[in-house]
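Let's take a walk through a protein structure together. Have the 3D view open and turn it around as you read.

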Number of protein chains: 2
Amino acid sequence: MTDVVKRFAQNPILLPHQVEPSMPGLVVECLMNPGAFQFDGKTWLLLRVAERPRQKEGVISTVVIDPSTASGLRILEFKADDPDLDYTDEDPRGFLYQGRSYLTTLSHLRLAWSTDGIHFQVASSPTLLGQGELEDFGIEDCRVTEIAGIFYLTYTAVSAQGFGVGLISTVDWQHFTRHGMILAPNNKDCALFPEKIAGQYVALHRPTMPGSGKNHIWLCKSPDLLHWGEHSCIIETRPGMWDAARVGAGASPIRTQEGWLEIYHGADENHRYCLGAVLFDLDDPGRVIARSQQPLMEPVMEYEVAGFFGSVVFTNGLLVDGDRLIMYYGASDHVVCAATLSIAEVLASLL
Amino acid sequence: MTDVVKRFAQNPILLPHQVEPSMPGLVVECLMNPGAFQFDGKTWLLLRVAERPRQKEGVISTVVIDPSTASGLRILEFKADDPDLDYTDEDPRGFLYQGRSYLTTLSHLRLAWSTDGIHFQVASSPTLLGQGELEDFGIEDCRVTEIAGIFYLTYTAVSAQGFGVGLISTVDWQHFTRHGMILAPNNKDCALFPEKIAGQYVALHRPTMPGSGKNHIWLCKSPDLLHWGEHSCIIETRPGMWDAARVGAGASPIRTQEGWLEIYHGADENHRYCLGAVLFDLDDPGRVIARSQQPLMEPVMEYEVAGFFGSVVFTNGLLVDGDRLIMYYGASDHVVCAATLSIAEVLASLL
């Protein structure tokens, strides 16, 4: 393990209890995996906020999207002994009622802003809720990429139909244009390159094939950011290593003199998520020049190892300030943290 | 069950032994699921030909793509007691050698032509072999769609990375342009609409999520046939019915006065594949107007029920002659058959 990553002394910088629930009766359970960007002279995060109803004895409850309510959300409650309910403690993330599946928590995206990049003020209500059949179970893990003055948001759209990649654009963070699902299920972890390469937009993504052991990073190309093709598999998991079970892109790749630098996550069979780096050719981004043998960052702090499903550091939000990368990351699927890295030091670790 | 479908008296019209192996030492095991088109005054099929090495006692063998050989193929043989070999009779379709996976059979695409649509001559060698890392395990189940004088081939590209949808185009069936993978894994059963609708190309496809029970038909849109987005789920499986476990598009939808007519396949939990029809709105093809409650065609003939994995009728090749549909289909994952349907009768069964 290297000392390339310097964690903020203030970590965690955002905790669930600092965020106001979307409606009475809900509890913010987790803050996760923020996108990051600069706008209007401030540093902004687009948080993934996971909520669920306040738990009551003998009741299984969930929150669903309902555009007819003031908050856009509605709480559903079922008696735990209802014969139509199919619930096991084995998978506490979901249950069936009358054959229909529900998640116990629902994620939305919410803005937070800061003048120092450390102390954030969080919006008092959701910025973006899932919309329509393909986002019924919420929207998650949003990357924010500014291209020619337009912010493009790529996020995981979750529903009973599986999870795919949705695209939203905005210029002012007040008005949003929804472009639908750009990558069909099951797919997630989509990061756009911040400029056209050889006349085409380029993206990283992660088709997911449960049970197959195939959780690799792919690349695809587009003339317009809305329609994608020319898929190829460029980064595979590595048996026996820290990224043996799954890999996925983080935020948008960063242009350096040596190539496109991407901070990605890798997990092993024990669901331990670390971060590493990969370097792509500037003109041929499907060509991998170098890749971290050892993780750049491992979950070691108490706030990074307290998670229910495993030890997790996961980033999809990076800012660049000269040689310095400011990396916002989700720790332990529960809180938001930050750290800095030197681009030169990361490149030196790779080359 | 209706009498809408009239099988050819000559069925099966093509059998594996009528097709020459691609190289000495190979056996053609199965002919499957042809695309169909008219060209140069003849009826053509683009067959899926599945081959494997002639079996020898004590030897596990396979055939792989190798562009350095005359045939483009190479036979690999392993001693059944080789400790590096991981083979079980439970899944006779594949094995591992030194941790690398192989299929026991390899599929390629091969042209056949006919002047009467019944008696076909088959090319003596493969027309299209898999090419590159994403087609290592072969190419399968090709739909052929003519749009403005260009034939577009959408097929399943199979490799250790999973299966996705590849696209090839040709004008003359001598020279082929490869456009790469247009839909990332796992995806198959991609059928193009034969014309633009509201200024965009449209396709049906089938994202596949093993173990999830989600094997539905989706729709997507494209400005150029090469890049796709705006994915939506339009036809789900129906519990308790003939299409309870999976559904997938057949050949390109056919324009009728009532809407776009699509003959699709549906399978139940017993891997029994039947054919039914669905009708889409002419201007809004994501809107389903009607769908077969009962299958139009069930596997009942001896050549349709003899399969190893189940009873199968599967089509991805249709020709239109006035009110008459000539449907080429794979029976029992083994032989090629044909049948006719009246468009008016199919519509009457739906409306």
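What follows goes from confidence scores to the interface, then to aromatic rings and a few odd spots in the backbone.

First, keep in mind that this is a predicted model. How confident is the predictor in chain A? The average pLDDT of chain A is 95, and 97% of its residues score at least 70. The model as a whole gets an ipTM of 0.95 and a pTM of 0.95. A general tip while you look around: where pLDDT is low, don't read the predicted coordinates in detail.

Now turn to the place where chain A and chain B meet. On the chain B side, 33 residues make contact, and they touch 33 residues of chain A. People often describe the size of an interface by the accessible area lost when the parts come together. Here chain A and chain B bury about 2,300 Å² between them, with 56% of that on carbon and sulfur atoms. Which residues of chain B lose the most area to chain A? They are B:Gln161, B:His227 and B:His231, and together they make up 25% of what that side buries.

What about charges and polar groups here? The search turns up zero salt bridges across the interface of chain B and chain A. It does find 13 residue pairs in polar contact there, with both residues at pLDDT 80 or more. If you'd like to trace the chain B side by its elements, look for strand 14 (176-183), strand 16 (201-207), strand 17 (217-222) and strand 18 (229-235), which each give two or more residues to the side touching chain A. Strand 18 of chain B gives the most, with five residues.

Next, go hunting for rings. Over all chains, the whole structure holds 36 aromatic pairs. In chain A you can pick out one aromatic cluster formed by A:Phe37, A:Phe39, A:Trp44, A:Trp113, A:Phe151, A:Trp173 and A:Phe176. Rings can have a charge over them as well: A:Lys188 lies over the face of A:Phe163, at 5.0 Å from the ring centre. In chain B, B:Lys188 lies over the face of B:Phe163, also at 5.0 Å from the ring centre.

Finally, check out some backbone quirks. A:Asn11 and A:Pro12 are joined by a cis peptide bond, with omega about -15 degrees. You'll find A:Pro12 in the loop between strand 1 (6-7) and strand 2 (26-39) of chain A. Over in chain B, a cis peptide bond links B:Pro185 to B:Asn186, with omega about -15 degrees, and B:Asn186 sits in the loop between strand 14 and strand 15 (187-192). One last stop is A:His271, which is not a glycine yet has a positive phi of about 65 degrees. Look for A:His271 in the loop between strand 21 (259-267) and strand 22 (273-280) of chain A.

Note on methods
Residues numbered from 1 in each chain as written. Chains lettered and ligands numbered in written order. Predicted model: local features only at pLDDT ≥ 70, side-chain atom pairs only at ≥ 80, totals over all residues. Heavy atoms only, no water. Phe/Tyr/Trp six-rings, centres within 6.5 Å; stacked < 30°, edge-to-face > 60°. Lys NZ or Arg CZ within 6 Å of the ring centre and 35° of its normal. pLDDT = per-residue confidence, 0-100. Contact = heavy atoms within 4.5 Å. Buried area = accessible area lost by both parts, 1.4 Å probe. Salt bridge = Lys/Arg side-chain N within 4 Å of Asp/Glu carboxyl O. Polar contact = N/O pair within 3.5 Å; in protein donor to acceptor, adjacent residues only side chain to side chain. Helix = DSSP H or I, 4+ residues; strand = E, 2+ residues; numbered from the N terminus.
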